[in-house]
Amino acid sequence: FFLRLYLRMVFGTNLTVESPNVSYTDDCITSEYNYQRAQTRIENDRIVATPVTTSYSFKTNRKVPKLGVMLIGLAGNNGSTVVGGVIANREGISWETKEGPQTPNYYGSITQSSTVRIGSDANGEDTYIPLKALLPMVEMNDLVIGGWDINNMNLADAMERAKVFDYDLQRQLKPFMKDIVPLPSIYDEDFVAANQKARANHCLEGTKQEMLNTIRQNMRDFKEQNGCDSLVILWSANTERFAEIVTGLNDTAENLLASIEKNESEISPSTLFAVASILEGHTYINGSPQNTFVPGAIELAESKNVFIGGDDFKTGQTKMKSVMVDWLIAAGLKPTSIVSYNHLGNNDGKNLSAPKQFRSKEVSKSNVVDDMVASNPILYQEGEHPDHVIVIKYVPYVGDSKRAMDEYTSEIFMHGRNTISMHNTCEDSLLAAPIILDLLVLSELISRITYKTGEMEEYERFHPILSILSYLLKAPLVPSSAPVVNALFKQRACIENILKACVGLPPENDMGLEHRTNYSFKS
């Protein structure tokens, strides 16, 4: 299928790359790709840049598996919204609102609802395809979803409690969701706000080792009972306080496993789930801001070569901040004060009203501008940083409809000042749900991609820490030697260009020389 658009653009949904460097078989797509970058050094008070080319061979398994998904926090707002949204799309459920009839979609998902430019045709018309058409991906409608929750409410009732979907949609979804009941989860009142205790009526009992064994068995049972080829485990439950990093407790994989066996109190529920997932060989994504991935958990994932990703879904205010600050600094303006205020009334807001849990969120939101500030010493002296204040308040009446207000003050030409104020109202879970789904689809896809360079004999998987997912997460987890990138468009370009490399296409460079020179590119 393709469509020629009126703005001199071509859109299609199927892609084949014709190149001597790309081969297709029934089993895989193989791409021979030259990765070009510049390596720099300082020599005699000047920077010397040397272009470097590295040859990669990428191999992508074309067989899309039956993917099982297990959410921790299944009966929460995000869990019921993800499940209800997938069912509505799968069943083609339409519903009535005061604005008229509505149909389901996956808006907000970059894999399902965004496009990428792959080139231009002989007439110079840009050609676009959906991002999901670059490589074979799991269909969101085919996901098999289950999970755990500290509350025993079935998902139909949980959806009603969340008050996210319109009433007519809820009414039609209830028959599909009333029999979905979460498995008992791990509750530790030392790690979440005290106000969550009334909700915790569906909790595992026993030592930490016993609970770890139980959730590992849950994963095996879910995979077998649903005939899944692979699983992804994702934390969408309450924000926890930060765990203390203690030498001999959780600083190494060996110490972490020993501490679980000893029933040490400083091992959080989210870390227990992460360890269980890693030991079972399943990708684990942390969608909350706490430090689930203590050093021992990271070492365990690396030693087992199991994918992990985190931290904290990037939905509204932080996503906008990573655009605004990147734009201001790239424009040569100097942000000096960033003040962010939020209020919301869902259970996430209730939990974050406790100081220790708020601190976890504050840390994940605060670091989002660091790399952009550090990139411009013309504007910022060493150690200088904008004032950055974050406030979150719990206002029950507004429910899932989060309000965010931001003020950006910058120094401009000749030390003048410029202030930009923004107000954003959004349904928090409707922004989070497609991000959760993208995390699931992309992490599964990456598990089917292997690579090798000239000096390697065998193909290998990507690094176990999935920094490629940074676009979707507030506080990206990266390998120890890698830089943290928070600028939003760089993060998206990373996803797009790596997928393009897997089919032998060049990265988007926006030079457009075919339109800016007299040289003809027509074939």
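A pocket here is an open set of grid points with protein on both sides within 12 Å along at least five of seven lines. In this predicted model, the largest pocket holds about 1400 Å³ of space. There's also a closed-off space to look at: the structure has one cavity of 30 Å³ or more. Here's a quick tour of both, plus a surface patch and a couple of residues.

**The largest pocket**

- To find the middle of the largest pocket, look for Tyr35, Tyr56, Phe462, Cys494 and Ile498, which lie nearest its centre among the 36 residues of the lining.
- Three elements each give two or more residues to this lining: strand S4 (28-43), strand S5 (46-61) and helix H14 (488-501).
- Helix H14 is the top contributor to the pocket, handing over seven residues.
- As for chemistry, the pocket lining splits into 22 nonpolar residues, 11 polar ones and just three charged ones.

**The largest cavity**

- The largest cavity contains about 630 Å³ of space.
- Its lining takes in 43 residues, and those nearest the centre are Ser236, Ala237, Asn238, Thr239 and Asp348.
- Two or more lining residues come from each of helix H1 (77-91), strand S16 (334-344), helix H10 (347-352), helix H11 (355-366) and helix H13 (428-447).
- The cavity lining is a mix of 15 nonpolar, 16 polar and 12 charged residues.

**A nonpolar patch on the surface**

- Ile412, Phe413 and Met414 get together on the surface as a nonpolar patch, and their accessible area adds up to about 380 Å².
- Methionine 414, one of the patch residues, sits in the loop that runs between strand S18 (401-411) and strand S19 (417-427).
- Methionine 414 counts as exposed because its relative accessibility is 65%, and the cut-off for exposed is over 50%.

**Asparagine 347**

- Asparagine 347 is part of helix H10, one of the elements that give two or more residues to the lining of the largest cavity.
- Its relative accessibility is 17%, so asparagine 347 counts as buried, given that buried means under 20%.
- Asparagine 347 and isoleucine 87 are 260 residues apart in sequence, and from C-alpha to C-alpha they are 23 Å apart in space.

Notes: Residues are numbered from 1 along each chain as its sequence is written. This is a predicted model: local features need pLDDT of at least 70, side-chain atom pairs count only at pLDDT 80 or more; totals for chains, interfaces and linings use all residues. Side-chain values use heavy atoms; hydrogens and water are left out. Patches are made of residues with over 30% relative accessible area and no salt bridge: like charges are joined within 9 Å, nonpolar side chains (Val, Leu, Ile, Met, Phe, Trp, Tyr) within 5 Å. Accessible areas come from the Shrake-Rupley method with a 1.4 Å probe; for residues, only the protein chains shown count as cover. A salt bridge is a side-chain nitrogen of Lys or Arg within 4 Å of a carboxyl oxygen of Asp or Glu. Helices (H or I, at least four residues) and strands (E, at least two) are DSSP runs, numbered from the N terminus. Buried means under 20% relative accessible area, exposed over 50%, partly exposed in between (1.4 Å probe, protein chains only). On a 1 Å grid over the protein atoms alone, a cavity is a set of points where a 1.4 Å probe fits but cannot get out, and a pocket is an open set with protein on both sides within 12 Å along at least five of seven lines; lining residues have an atom within 4 Å of a point. Grid points are joined across faces, edges and corners, and a volume is the space filled by probe spheres set on the points. Ala, Val, Leu, Ile, Met, Phe, Trp, Tyr, Cys and Pro count as nonpolar, Asp, Glu, Lys and Arg as charged, and the others, Gly among them, as polar.
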